[in-house]
Every structure is written in C-alpha cells, then in structure tokens.
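The report below describes selected features of one protein model, moving from loop residues to the arrangement of a sheet.

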Amino acid sequence: MFRPGLRAALGLATPRRAGFRVSPSLRADLPSALLSAPTSYPTSTATAWIDHILCTFQYPADITVFELARRNGINIPHFCYNRNLNIAGSCRMCMVLRVADKKYTIACNEMVEPNSRYVTLDDTIKNIRQYMLEFTLANHSLDCPICDQGGECELQDLAELYGYDTSRYDYSDLKYEPDDMPINFLIKSDMNRCLHCTKCIRFLDAFSDDGKDSELGQMGRDPQTICTFRDDGSSATYVHDILSANIIEICPVGALTGRDTSHEVRPWEITRLDAINIFDGTLTAINVEVKEVTEFYRCNAAKDPQNPDLLLNNEFITDRAREAPSGNDVKRVTANYALSVDSKKLLAHHALRLFAADPLFRPKALFMLCDALAAPSSSGPALP
C-alpha cells in the first residue's frame with residue numbers, strides 16, 4: 001500500500017472507501033435536499049482572449065491564465081510555477097495585463113473569467129521582466145561554463161530574451177555566496193545559483209512522507225536570503241524521502257543537480273529514450289538519457305514535449321525509479337573488465353556501508369556488490 005504523499009505525487013488514485021448505508025428510519029428524518037444533492041455540478045463552455053487567441057474552457061472551473069495560455073500554445077516566462085505545487089508568485093516573471101481594468105497581475109494566480117481579455121507581452125511587461133532578471137542576476141554566479149544545467153537552464157533562455165547586456169550593479173559589493181547544503185547522497189547543491197523560487201521547499205512540504213514538519217526552509221532577506229534545512233551534523237537529519245530527487249528536476253537552474261551525473265556530459269550530447277520503470281510496482285513512464293548511444297547517463301520522469309498537459313506520473317518518479325537503471329550499465333552486460341583484489345575489496349566495502357546507511361540506497365549497493373564479486377581480477381586470488 002502506497003503512502004498518501006507518494007500516492008499523490010505519482011498521480012495514483014485514492015483507494016475508494018465504502019460509504020455509510022442510511023437506514024430507512026434515518027432517511028425519513030434527513031432533509032430531502034440533502035438526499036437529492038447532485039454529486040457534480042453542470043459546467044458550460046466559456047471563452048477568453050489571451051493576446052489574439054480565443055481560448056475556450058469549462059466554467060465554472062478553477063483554471064489560471066497561465067494554464068489556459070499553455071494549453072493554447074502561448075508561452076509565459078516563469079521560474080517558480082509548477083502545476084502540482086501551491087502558488088508562490090515569487091519570481092514575478094509571468095506578469096500579464098488584464099485589459100478590463102488595465103491592471104498588471106501574475107498569470108499563475110489569476111483565475112480566468114468568461115469573456116475576459118489578457119495581454120502577455122507589451123512594453124511595460126517587457127520592462128518588468130527585464131528589471132526582475134536584473135535583480136535575479138545581481139546575485140547569481142556566472143557558472144554557466146561549468147554548470148551541469150548549462151544548455152537546459154531556464155535562466156539562460158530568459159536572460160537571452162529579456163536580459164540587459166550591461167548591469168547597473170557593482171557585483172563586488174552585492175555578491176553573496178552561501179554554503180552548500182549536504183542534502184543527501186543523491187542531490188548536489190550549489191546555493192550561490194539559487195533563485196529562491198522555493199519549488200524544492202514546496203515540493204517536500206506537499207509530498208514528503210517521512211513525518212517531519214518541513215525538510216527545507218528559507219531564511220534571511222535579499223541579498224542574504226538562503227535556503228536551509230535542519231542540519232545538526234549527523235546523517236539522521238539528511239533528507240531521506242523516497243521522492244527527494246525530484247527537486248533536481250523541478251529546479252529551474254543549477255542550484256540542485258545530481259551527484260552521480262556531475263560534470264559528465266552536456267544536454268546536446270545525450271539521446272532521450274522512452275521507457276517504463278520495472279523496479280517498483282507503479283510501472284511509471286520514464287525517460288532514459290544515454291550518451292554516445294550506448295552509455296547510460298540518467299533517468300527522469302517522462303513528459304510529452306508536444307503537449308505539456310499530458311505529464312505522465314504527475315511529473316514525479318521515485319528515487320528508486322531514478323537510480324535503479326544505473327545498475328544495468330552496459331558494461332556489466334557486454335564486456336568484462338578487470339579489477340585488482342584491493343579495488344574489489346574497496347568496492348565491496350563501500351557497497352556494504354551504503355547498504356547499511358539507508359534502505360533507499362540498497363538496490364544501488366547490491367549492484368555495486370555484484371560488480372565487485374563478478375568482475376574478474378587482474379592479479380592475485382579471488383575475493384573471498
């Protein structure tokens with residue numbers, strides 16, 4: 001049985017509970033309006049204008065301008081928005097104009113009304129986005145050449161569209177470099193790149209199942225705002241949630257990246273393949289990324305690039321689904337490789353320590369142990 005947070009994150013249906021049976025004597029005492037109340041309310045088709053596109057939607061329905069625009073192929077810049085998380089509205093990049101009263105509002109929190117009209121780009125909106133990017137880049141490190149997110153970074157794309165070629169800030173006075181957080185064995189943090197979009201905080205608050213009140217948090221004020229987590233120096237305070245590595249995928253910049261894939265390949269050097277996860281009972285759809293056609297690189301949640309509404313698995317996968325395919329490295333199947341006895345003992349030692357550290361990493365530890373035991377030795381006796 002899946003826990004509630006894991007079930008919600010993977011988009012699984014909630015088990016149906018048996019309803020209470022109303023006895024005839026109690027039914028006679030209940031109001032007739034209560035017994036005849038409809039289970040669903042009728043909806044009607046309404047329209048709204050976004051730029052020069054007439055968009056249709058079902059009304060009444062809680063749909064934001066951002067979602068309606070995305071369904072109709074209109075791209076609105078953003079950093080902090082995710083359709084599965086609560087609204088933060090902290091990046092202010094999705095600003096749109098509500099024509100009815102000439103007011104500027106954020107599209108991620110603006111509910112669409114019938115016969116309304118919105119403008120997603122004009123001179124004022126362009127200036128707003130330029131100013132917000134200038135504030136953002138004032139404390140963002142210039143790590144693009146060495147950042148693992150380079151080539152698929154949302155900040156890079158928006159800086160090219162709306163960014164200034166010069167800045168009015170003196171970076172020697174405003175630069176702030178917080179310490180990196182040792183979140184867990186899967187996640188590498190470079191917090192000097194953090195945009196404070198709070199996606200990671202909101203995700204763990206919404207879907208964490210380890211019983212803690214909050215895994216991550218935020219403290220301080222700009223330019224000294226930092227994301228923190230409860231760290232007392234022991235591994236017991238590390239984030240052990242089975243969905244924790246999803247914050248790597250939803251991070252818009254290179255503040256949170258994978259430890260195993262650090263500084264290995266660029267996005268334009270990989271090939272994405274559709275697959276199904278067979279390492280747990282959910283059979284979630286995944287994207288396996290390989291480099292040089294044959295070598296496994298990483299695994300992400302499957303998405304449909306042609307239709308962003310058809311996000312499979314509710315956009316999230318478990319850490320087991322993300323890490324288990326790395327155990328089926330092509331080297332273990334098609335080629336033998338020799339290890340010295342000392343190297344095999346060291347690999348087995350690390351595998352046993354990883355196995356004992358956390359149940360989450362036991363599949364990876366078993367694959368490491370199999371490598372140590374199965375690999376032929378270059379010299380000396382076999383590993384006992």
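## Loop residues and sheet arrangement

In this predicted model, H196 is found in the loop that lies between strand 6 (187-189) and helix 8 (199-207). The phi of H196 is near 65°, which is a positive value in a residue other than glycine. A positive phi, of about 55°, also belongs to K102, although K102 is not a glycine. The loop between strand 3 and strand 4 is where K102 is found. With a relative accessible area of 60%, K102 is exposed, the cut-off for that term being over 50%.

The two residues are set out here.

| Residue | Phi | Loop |
|---|---|---|
| H196 | near 65° | between strand 6 and helix 8 |
| K102 | about 55° | between strand 3 and strand 4 |

The sheet comes next. Its 5 strands follow the order 2-1-5-3-4, and the sheet is open, with mixed pairing. Strand 2 (53-59) and strand 4 (103-106) stand at the edges and have a single partner strand each, so one side of each is left without a neighbour in the sheet. From one strand to the next, the twist averages 35°.

Within this order, strand 1 (residues 44-50) pairs with strand 5 (residues 117-119) in the parallel sense, over 2 bridges. Which residue of strand 5 is the bridge partner of I50? The partner is Y118. Helix 5 (residues 123-138) packs on the sheet, where it touches strand 3 (95-98), strand 4 and strand 5, and the direction of helix 5 makes about 155° with that of strand 3.

How values were computed: Residues are numbered from 1 along each chain as its sequence is written. This is a predicted model: local features need pLDDT of at least 70, side-chain atom pairs count only at pLDDT 80 or more; totals for chains, interfaces and linings use all residues. Side-chain values use heavy atoms; hydrogens and water are left out. Two strands pair if DSSP finds at least two bridges between them. Helices (H or I, at least four residues) and strands (E, at least two) are DSSP runs, numbered from the N terminus. Axes are lines fitted to C-alpha atoms, for helices over the stretch in contact, and angles run from 0 to 180 degrees between N-to-C directions. Contact means heavy atoms within 4.5 Å. Buried means under 20% relative accessible area, exposed over 50%, partly exposed in between (1.4 Å probe, protein chains only).
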